[in-house]
Amino acid sequence: TGNLGAAYLGLLLLEREKEVFKVNPNMQPELNNYEYCLGRFLKPEARVDIIKSLANLNVKPSSMIDVSDGLASELNHLSKSSGLDCRIYEEQIPIHEKVSRLADEFHMASLTPILNGGEDYELLFTVSPDDYEKIKDVEDIAVIGHMIPKGNGNHLMTKAGQQIDLKAQGWNAFTD
């Protein structure tokens, strides 16, 4: 649901400005034009609206997880729990313009905070292929891929046709 990466970038922005302040306490933080990413980090909102939309469409997800540790991590969780693998497509992943701009500012690809960030309060879910027509045009729902038989691996297919393994690089509560 929605778009990903903004909360992580909001955190990076605050950390950057904190370092500037530590060097020069008279410096005021440069936060203009960053309201979207800061808001996604500081004031996250659970996607209760999506749950209601799915119910109104008579769509019952076959699995669902919140994106708290980055898209790659959550896809791996869904894969492990379902006994299936997944394939997602770069061109299907929604990238908010402000996420793209701030990622550029931090010299990272837009997909980096999307795949490895977290705390976006968005939902990742699967539905039966029979329900595709019901959800394909719903605002804030993007069909980014599909589940495939186990043994194929979890992959991102890039716009250039490369197949990249999805590795969980988000935060792990048991290692920190």
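At what angle do the axes of helix α1 and helix α2 cross, and within what distance do they come? Before selecting anything, note that this is a predicted model in which local features need pLDDT of at least 70 and side-chain atom pairs count only at pLDDT 80 or more, while totals for chains, interfaces and linings use all residues. Residues are numbered from 1 along each chain as its sequence is written, and side-chain values use heavy atoms, with hydrogens and water left out.

**Stop 1: helices α1 and α2**

Select residues 6-23 for α1 and residues 35-42 for α2; their axes come within 7 Å and cross at roughly 100°. Helices here are DSSP runs of H or I with at least four residues, strands are runs of E with at least two, and both are numbered from the N terminus. Each axis is a line fitted to C-alpha atoms, for helices over the stretch in contact, and angles run from 0 to 180 degrees between N-to-C directions. The two helices are therefore roughly perpendicular to each other, on a scale where 65 to 115 degrees counts as roughly perpendicular, under 35 as roughly parallel, over 145 as roughly antiparallel and the rest as oblique.

Now show the side chains where the helices meet: A6, A7, L9, G10, L11, L13 and L14 come from α1, and Y36, C37, L38, R40, F41 and L42 come from α2, with contact meaning heavy atoms within 4.5 Å. By class, this contact has 11 nonpolar, 1 polar and 1 charged residues; Ala, Val, Leu, Ile, Met, Phe, Trp, Tyr, Cys and Pro count as nonpolar, Asp, Glu, Lys and Arg as charged, and the others, Gly among them, as polar.

**Stop 2: the buried part of α2, and R40**

Stay on α2 and select C37, L38, G39 and R40, which are its buried residues. Buried means under 20% relative accessible area, exposed means over 50%, and partly exposed is in between, with a 1.4 Å probe and protein chains only. These buried residues pack against α1 and also against α5, at 97-105.

Which residues does R40 touch, not counting residues up to four places away in sequence? They are N3, A6, A7, E119, D120 and E122, and R40 itself, in helix α2, counts as buried because its relative accessibility is 17%.

**Stop 3: the largest pocket**

Move next to F125, T126, V143, I144 and G145, which are the closest to the centre of the largest pocket among the 30 residues that line it. The volume of this pocket is about 600 Å³. A pocket is found on a 1 Å grid over the protein atoms alone, as an open set of points with protein on both sides within 12 Å along at least five of seven lines, and lining residues have an atom within 4 Å of a point. Grid points are joined across faces, edges and corners, and the volume is the space filled by probe spheres set on the points.

To see the lining by element, colour α4 (71-82), β2 (84-89), β3 (123-126), α7 (132-135) and β4 (145-149), each of which supplies at least two residues. Strand β3 gives the most, with 4 residues, and the lining as a whole divides into 21 nonpolar, 8 polar and 1 charged.

**Stop 4: I135 in α7**

From the pocket, select I135 in helix α7, which counts as buried at 4% relative accessibility. Leaving aside neighbours within four places in sequence, I135 is in contact with L54, L57, V59, V127, I141 and V143. Its partner V59 is 76 residues away in sequence, yet the C-alpha atoms of I135 and V59 are 8.2 Å apart in space.

**Stop 5: two residues with positive phi**

Y121, in the loop between α6 and β3, has a phi near 60°, a positive value in a residue other than glycine, and is partly exposed with a relative accessible area of 37%. D140, in the loop between α7 and β4, also has a positive phi, of about 75°, although it is not a glycine, and is partly exposed at 36%.

**Stop 6: I95 in its loop**

Finish at I95, in the loop between β2 and α5, where the relative accessible area of 36% makes this residue partly exposed. Apart from neighbours within four places in sequence, I95 is in contact with S100, S110, L111 and I114.

Definitions and conventions. 1 Å grid on protein atoms, 1.4 Å probe; cavity = no way out; pocket = protein on both sides within 12 Å on 5 of 7 lines; lining within 4 Å.
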